[in-house]
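Here is a friendly walk through two parts of a structure, one helical and one built from strands. Have the sequence and the coordinates open as you read.

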Amino acid sequence: PYGLFAELRREPVCRQEDGTYVVGTHAEIDRLLHDPRISSDDLPDPQHFRWTGHPITDLLVRPVRAEIRKRHRPFIFRDPPDHEALRGRVMRAFSVERVRGMRAKTERLTHDLIDKLAGKARIDLVDAFSYPLPVTVICHLLGVPPEDEPRFHGWATQLATALEPNQRGDEETQIKNEETFAEIADYLQDLVKAKRREPADDILSDLAAGDDAERMNDYDLIATAVLLLVAGHETTVNLITNGVLTLLRFPEHLERLRREPEIAPRLIEEFLRYEPPVQYRTRLALADIPLAGTTIPEGAPVVLLIASGNRDPARFADPERFDPDRRDNRHLGFGGGLHYCVGAPLARIEAEIALVALSRRLREPRLLADPPPYRPGASLRGPSALPLAIAG
Ligand code: HEM
């Protein structure tokens, strides 16, 4: 999509035929992410959303039955003051100590998964590694008993389509999502009850704690747990897979990572700029917003093209070049403003551990398909499989 983005950036704020505004430049996206007149509330007026036949069609959003989403709306789709209250609770539960405490466990999981590759000549890295690692980590943080984790694997995949505007507009996907949601909500309801009876050192126990007055209600609690599962899973899968793919395409960086593992954090920031797992987010204008010589009218849906902002030559020198040594890499990969990614520190730790271990332990990895097959969604970008040949 990057060629299309370069064309789009000629006009920072681009009005589509259907009244949607697409914003592709770094400064304007950043400004809107911090603008209180822009809403994340996920119940826009459906009349704004229509297929247009324009090449950017793929990036537009279709309506979903509002009443279902209203009930279980996670805080990523809410505005202040609700958003602040819920996010505040989650930030406290997602504490620095707790995230740091995941390092040792993540290392262990990483090495266990790589151990299982021994003796194999061909692997699919997504299936064997990128996919299971984050879901296991998030289950552990939430406090899901290990024997129940396999159920979360299927749920995470299905529910990722709920973050994928194009797929979630599809009737069949909606029905499947509702069923999955009902299943997971039932499961979590029981788990929350158990955590209230017997709190442990985990996020769900923290969120479920408190007396009636300050307690999070069950809808919000479950919506939050599902959000953490969904937002934390496929995104991290894609960061790891995109990262390995990029390293195999630019082997000098793979060699360097093997020699100097301390460059991992810079590499990861550059992966987040160069191939952001979340390519765009949508918003709604709550008022007329003058921007870059035009005005986004009240009520208009707005598409913030993170992936395009990340390659904006006005912000990044030589933006099409993968360069982990670039200074001041203020990419938009984790968003910005009120909704800045809650899981960024965790994602960085997981990716760092995974990439350092893979670079050292995968022997003579070689891409068997370049480009590999991609997932269908436009918003969460990443390969559906990464077939590799390895030397056992
Ligand atoms: C929000 C990206 C990993 C939890 C966001 C947003 C982005 C993003 C772009 C902003 C959404 C918006 O403004 O509408 C990513 C990427 C990840 C990642 C690229 C991995 C590489 C995680 C992880 C978790 C997580 C591991 C938790 C386990 C969340 C939550 C929000 C969020 C809860 C909503 C915050 C809010 O609305 O206040 N993420 N994320 N993310 N992310 Fe992440």
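In this predicted model, helix H8, spanning residues 132–142, is mostly covered, with 9 of its 11 residues buried. The buried set consists of Leu 133, Pro 134, Val 135, Thr 136, Val 137, Ile 138, Cys 139, Leu 141 and Leu 142. Right after H8 comes Gly 143, which has a positive phi near 100°.

Which helix does H8 cross with its axis within 10 Å? That partner is H6, residues 102–115, and the two axes cross at roughly 145°. The crossing of H6 and H8 is right-handed. On the H6 side, the contact is made by Met 102, Lys 105, Thr 106, Leu 109, Thr 110 and Leu 113. H8 contributes Pro 132, Leu 133, Thr 136, Val 137, His 140 and Leu 141. By character, the residues of this contact are 7 nonpolar, 4 polar and 1 charged. As background for reading those two lists, an α-helix has 3.6 residues a turn, so residues three or four places apart point the same way.

Now for the strands. E8 covers residues 301–304, and both of its faces are covered. Pro 301 and Val 303 are buried on one side, while Val 302 and Leu 304 are buried on the other. The pairings of E8 are set out here:

| Strand paired with E8 | Sense | Bridges |
|---|---|---|
| E2 (residues 21–23) | parallel | 3 bridges |
| E5 (residues 281–285) | antiparallel | 4 bridges |

Leu 304 of E8 is a handy residue to locate in both pairings: Leu 304 is the bridge partner of Val 23, and Arg 281 stands opposite Leu 304.

Methods: Residues numbered from 1 in each chain as written. Predicted model: local features only at pLDDT ≥ 70, side-chain atom pairs only at ≥ 80, totals over all residues. Buried ≥ 20, exposed ≤ 12 C-beta atoms within 10 Å, placed from the backbone. Helix = DSSP H or I, 4+ residues; strand = E, 2+ residues; numbered from the N terminus. Axes fitted to C-alpha atoms, helices over the stretch in contact; angles between N-to-C directions. Left-handed = near helix turned anticlockwise from the far one by under 90°. Contact = placed C-beta atoms within 7 Å. Nonpolar A, V, L, I, M, F, W, Y, C, P; charged D, E, K, R; others polar. Pairing = 2+ DSSP bridges.
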